[in-house]
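Trainee: I have a model open and want to learn how to read it. Can we go through it feature by feature?

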Amino acid sequence: MFEFDIVTLIAALVLSIAFASPFYYNHKKNKKNKELQTELLLKIARENGLVLTHSEFWRERYSIGLDSTSKKVLYIQFREIPKILAIDLAKVKSIELQERNHEVGSGSEKRKVIDNLDLTFYFKNQETGLTLEFFNGDIFSDMEGELPLVKNWIGLLKANLTVNTPVLV
């Protein structure tokens with residue numbers, strides 16, 4: 001049969017543990033961060049009397065939640081000091097996707113590179129809008145599904161807008 005050299009077996013085991021430990025540590029750290037972010041989102045929602053029917057976390061930097069009963073949106077951008085925004089959809093006139101991009105290459109090799117993806121809320125009786133960042137090309141080198149995510153949220157939020165349309169009698 002096979003003969004195992006105990007020194008080689010122990011060395012292989014130690015090297016395997018040394019190789020796997022950073023991945024394990026990173027996984028545990030990410031899991032703890034997501035738990036803390038979830039707790040913060042739910043705590044802020046409770047403090048504002050919201051029950052989130054939809055919520056999303058991405059990039060360990062952003063979070064958005066919607067209370068479809070009270071028509072309010074809660075957005076958190078996690079930084080050293082979190083940026084927290086609460087938006088009442090009853091006061092919103094429209095929502096638009098803002099995409100900044102540039103082209104690279106030339107001729108048939110030309111392609112579009114997205115620099116920023118934002119949701120902009122335009123309020124009734126206000127000229128300026130409020131922008132929620134979904135992707136920032138200065139921070140991240142590539143996208144990880146932010147475009148479908150932001151399009152999904154635009155549809156969800158627009159379906160929850162309360163538009164005052166005149167009723168014809």
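Mentor: Start with N125. At 82% relative accessibility, N125 is classed as exposed, because exposed means over 50%. The model is predicted.

Trainee: Where does N125 lie?

Mentor: N125 is in the loop between β6 and β7 (129-136).

Trainee: What should I look for in the backbone there?

Mentor: Check phi. Most residues other than glycine have a negative phi. N125 is not a glycine, yet its phi is positive, at about 65 degrees.

Trainee: What is the phi of K71?

Mentor: Near 60 degrees, again a positive value in a residue other than glycine. K71 sits in the loop between β2 and β3.

Trainee: Is K71 buried, partly exposed or exposed?

Mentor: K71 has a relative accessible area of 22%. That makes K71 partly exposed, because buried would require under 20%.

Trainee: How do the strands on either side of that loop pair?

Mentor: β2 (residues 62-67) and β3 (residues 72-77) run antiparallel, with six bridges. To find the register, look for residues that face each other. D67 stands opposite K72 in β3.

Trainee: Which sheet holds these strands, and in what order?

Mentor: An open sheet of four strands, ordered β1-β2-β3-β4, with antiparallel pairing. Its edges are β1 (54-58) and β4 (83-88), each pairing on one side only. From one strand to the next, the twist averages 10 degrees.

Trainee: What about side chains along a strand?

Mentor: In a regular strand they alternate between the two faces of the sheet.

Trainee: Which helices pack on this sheet?

Mentor: α1 lies across β1, β2, β3 and β4, at about 145 degrees to β3. Helix α2 (residues 146-159) also packs on the sheet and touches β1, β2 and β3. The direction of α2 makes about 160 degrees with that of β1.

Trainee: Which residues form the nonpolar patch on the surface?

Mentor: F4, I6, V7, L9, I10 and V14. Together they have about 650 Å² of accessible area. Take I10, which is in helix α1 (residues 6-47). I10 has a relative accessible area of 48% and is partly exposed. I10 can join the patch because the cut-off there is over 30%.

Trainee: How do β5 and β6 pair?

Mentor: β5 (residues 92-104) and β6 (residues 111-123) pair in the antiparallel sense over twelve bridges. E99 stands opposite L117 in β6. The two strands form a hairpin, with six residues between them.

Trainee: Which residue in that turn has a positive phi?

Mentor: G105, at about 85 degrees.

Conventions:
Residues numbered from 1 in each chain as written. Predicted model: local features only at pLDDT ≥ 70, side-chain atom pairs only at ≥ 80, totals over all residues. Heavy atoms only, no water. Patch = residues over 30% accessible without salt bridge, like charges linked within 9 Å, V, L, I, M, F, W, Y side chains within 5 Å. Areas by Shrake-Rupley, 256 points an atom, 1.4 Å probe, with all protein chains shown as cover. Salt bridge = Lys/Arg side-chain N within 4 Å of Asp/Glu carboxyl O. Buried < 20%, exposed > 50% of the residue type's maximum accessible area, 1.4 Å probe, protein only. Pairing = 2+ DSSP bridges. Axes fitted to C-alpha atoms, helices over the stretch in contact; angles between N-to-C directions. Contact = heavy atoms within 4.5 Å.
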